[in-house]
Amino acid sequence: MCALLTYVSAYAQSGTNSPYSQFGLGLLSDESTGFNRAMSGLSYGFHEHNQINLQNPASYSAIDSLSFILDAAVSFQTTNFKENGKSKNAKNADFEYAVAAFRAAKHVGFSFGIIPYTNIGYNYSNTANVNAFSSVESINPTYTNTYNGDGGIHEVYIGAGWQPFKNFSFGFNVGYLWGELNRYVTNSYSDAYVNTLSKEYTTQVHGFRYNFGLQYTQPLGKNDDVTLGLVYEPGHKTNSDPKCYVISSNSQTAVNDTASYSINNGISIPDMYGVGFVWNHRDQLKLGFDYQLQKWNDISTPEYISNGSSTSFQLVNGEYKNRNKFTFGGEYCKGERYRSFLNRVHYRAGVSYASSYQKINGQDGPKEITASLGFGIPIINTYNNRSMLNITAQWINRSADKLIKENTFMLTVGLTFNERWFAKFKVE
């Protein structure tokens, strides 16, 4: 990743402009909804009655009776890229998610929706002399390497949570992953007689995903309790076949030569383990901590290898590393029963640190530091006083030694629509 900022496009099809999205399966989504995102994704110990916490499906059991909750959000972001004294800015917007939940029976909740899993979106190039020691242009052509990609993986899921006895609940999500991962690398020369070499990597992803959750609440007196949350997701292959096309072309001779390669069932997702807790004081102040481990070190990645006259497209080990994420956050709301509007607003904040699952030229990929601040603003009118507008501002920093540095400011606006759809009304 040398001279990445020679050119960075100002658009993205998948909600990102990051050159780091070209590695692995792309940038991982935090998969949080509006209220989680304002706390940098804190989730494992939350069991809210009026919000959807899909990161721990055990929480669905806490959904209010007679309620149907619909939550959707969009995001707007601007990113500054810096490398070797150069700087570029890029902007984009994206539809984040749409999820819903309802209580089907006493202590049994269901949820379903569509969420992102990974994102790919980048476009940059660099140009240099073939021989930097020659000053004669005719025998010293320049070459340009162009890198671009788009796509990502999305998930549609359905899940359920059940509280079989007081203070203990468990749940599961079953999701279907689909999407297209496209990456293109073009090596071209100013000398028209030199062949242009292009490599196209494409994968149609389709497969299932499963995760499971537990929650246990321990009272700590009259005004306090602590909820412990555990989640687990088994890793497996996704039944997706990555493909590689190597194209050699020459504009002068009009000769094109294409070699194609494919790997059967070459895309996998890792085992994931998570643990967290939330301390709840008087149902007003809630503080929590999450830890997540993704076992990417066990996953192989498809790679095109050229060694003289020998070429291959095969799965290789050692290109990923385990990803650790630590999150701390909380929210404060004096109470929904108060008349004052400011007392009914939910004030949220959080910070997180995550290591990268990617390796780039043999070194660790960028660490990610996130700080979030947000508000849950109640929507009060004559026919609905339970819905909420969730507004979150996030600062996301990605950096690695001798590699590009990214600073992103993201604004997410979401609406949690909460109505009493299942109530029976009496007409006088």
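In this predicted model, Leu181 makes a good starting point. Setting aside residues up to four places away in sequence, Leu181 touches Leu25, Thr118, Ile120, Asp150, Gly152, Ile153, Tyr201, Thr202, Thr203 and Val205. Leu181 also belongs to the largest nonpolar core, a group of 17 residues in which Leu25, Ile153, Leu181 and Trp296 have the most contacts. Two of these, Leu25 and Ile153, are thus also on the contact list of Leu181. Strand 4, strand 5 (142-165) and strand 6 each put at least two residues into this core, and strand 4 gives the largest share, with 4 residues. A second core, separate from that one, has 11 residues, among them Ile52, Tyr60, Ala101 and Ile115. As a general point, nonpolar side chains tend to be buried together in soluble globular proteins.

Zooming out, the chain holds 2 helices and 23 strands. Of its 428 residues, 48% count as buried. Looking at contacts with a separation of 6 or more, 66% are between residues 24 or more positions apart.

Several of the strands pair up. Strand 2 (residues 68-83) and strand 3 (residues 86-105) run antiparallel and are joined by 16 bridges. Within that pairing, Ala72 has Ala98 of strand 3 as its bridge partner. The two strands make a hairpin with 2 residues between them, and Asn84 in the turn has a positive phi of about 50°. Further along the chain, strand 14 (residues 285-294) pairs with strand 17 (residues 323-332), again in the antiparallel sense, over 10 bridges. Here Phe289 has Phe328 in strand 17 as its bridge partner. Strand 17 is also joined to strand 18 (residues 346-354) by 8 bridges, and these two run antiparallel as well. In that second pairing, Gly329 sits opposite Gly350 of strand 18.

Two residues give a feel for the contrast between outside and inside. Asn89 lies in strand 3. Its relative accessible area is 55%, so Asn89 counts as exposed, the cut-off being over 50%. Leaving out residues up to four places away in sequence, Asn89 touches Thr79 and Asn80. Asn89 and Glu406 are 317 residues apart in sequence, yet their C-alpha atoms are 9.7 Å apart in space. Thr238, by contrast, is found in the loop between strand 9 (236-237) and strand 10 (243-250). With a relative accessible area of 2%, Thr238 falls under the 20% cut-off and is therefore buried. Beyond its neighbours within four places in sequence, Thr238 is in contact with Val205, His206, Gly207, Asn265, Ile267 and Ile269. Val205 is on the contact list of Leu181 too. The C-alpha atoms of Thr238 and Tyr176 are separated by 9.9 Å, with the two positions 62 residues apart along the chain counted as their separation.

Then there are the pockets. The largest pocket takes in about 980 Å³ of space. It is lined by 37 residues, and those closest to its centre are Gln22, Phe23, Arg183, Tyr201 and Glu303. Tyr201 is one of the residues that Leu181 touches. At least two lining residues come from each of strand 4 (108-129), strand 6 (168-189), strand 7 (196-219), strand 15 (301-307) and strand 19 (359-360). By type, this lining splits into 20 nonpolar, 11 polar and 6 charged residues.

The second largest pocket has a volume of about 430 Å³. Its lining counts 26 residues, with His47, Ala62, Gln163, Thr217 and Thr227 lying nearest the centre. Strand 6, strand 7, strand 8 (224-233) and strand 13 (272-281) each give two or more residues to this lining. The make-up here is 6 nonpolar, 13 polar and 7 charged residues.

As for enclosed space, searching the whole structure turns up 4 cavities of 30 Å³ or more. The second largest of them has a volume of about 140 Å³. Residues lining this cavity include Gly26, Leu27 and Leu28, a run from Ala354 to Gln358 made up of Ala354, Ser355, Ser356, Tyr357 and Gln358, and also Arg323, Pro366, Glu368 and Arg398. Sorted by type, the lining of the second largest cavity has 5 nonpolar, 4 polar and 3 charged residues.

How values were computed. Residues are numbered from 1 along each chain as its sequence is written. This is a predicted model: local features need pLDDT of at least 70, side-chain atom pairs count only at pLDDT 80 or more; totals for chains, interfaces and linings use all residues. Side-chain values use heavy atoms; hydrogens and water are left out. On a 1 Å grid over the protein atoms alone, a cavity is a set of points where a 1.4 Å probe fits but cannot get out, and a pocket is an open set with protein on both sides within 12 Å along at least five of seven lines; lining residues have an atom within 4 Å of a point. Grid points are joined across faces, edges and corners, and a volume is the space filled by probe spheres set on the points. Ala, Val, Leu, Ile, Met, Phe, Trp, Tyr, Cys and Pro count as nonpolar, Asp, Glu, Lys and Arg as charged, and the others, Gly among them, as polar. A nonpolar core is a set of buried Ala, Val, Leu, Ile, Met, Phe, Trp, Tyr and Cys residues joined through side-chain atoms within 4.5 Å. Buried means under 20% relative accessible area, exposed over 50%, partly exposed in between (1.4 Å probe, protein chains only). Contact means heavy atoms within 4.5 Å. Two strands pair if DSSP finds at least two bridges between them.
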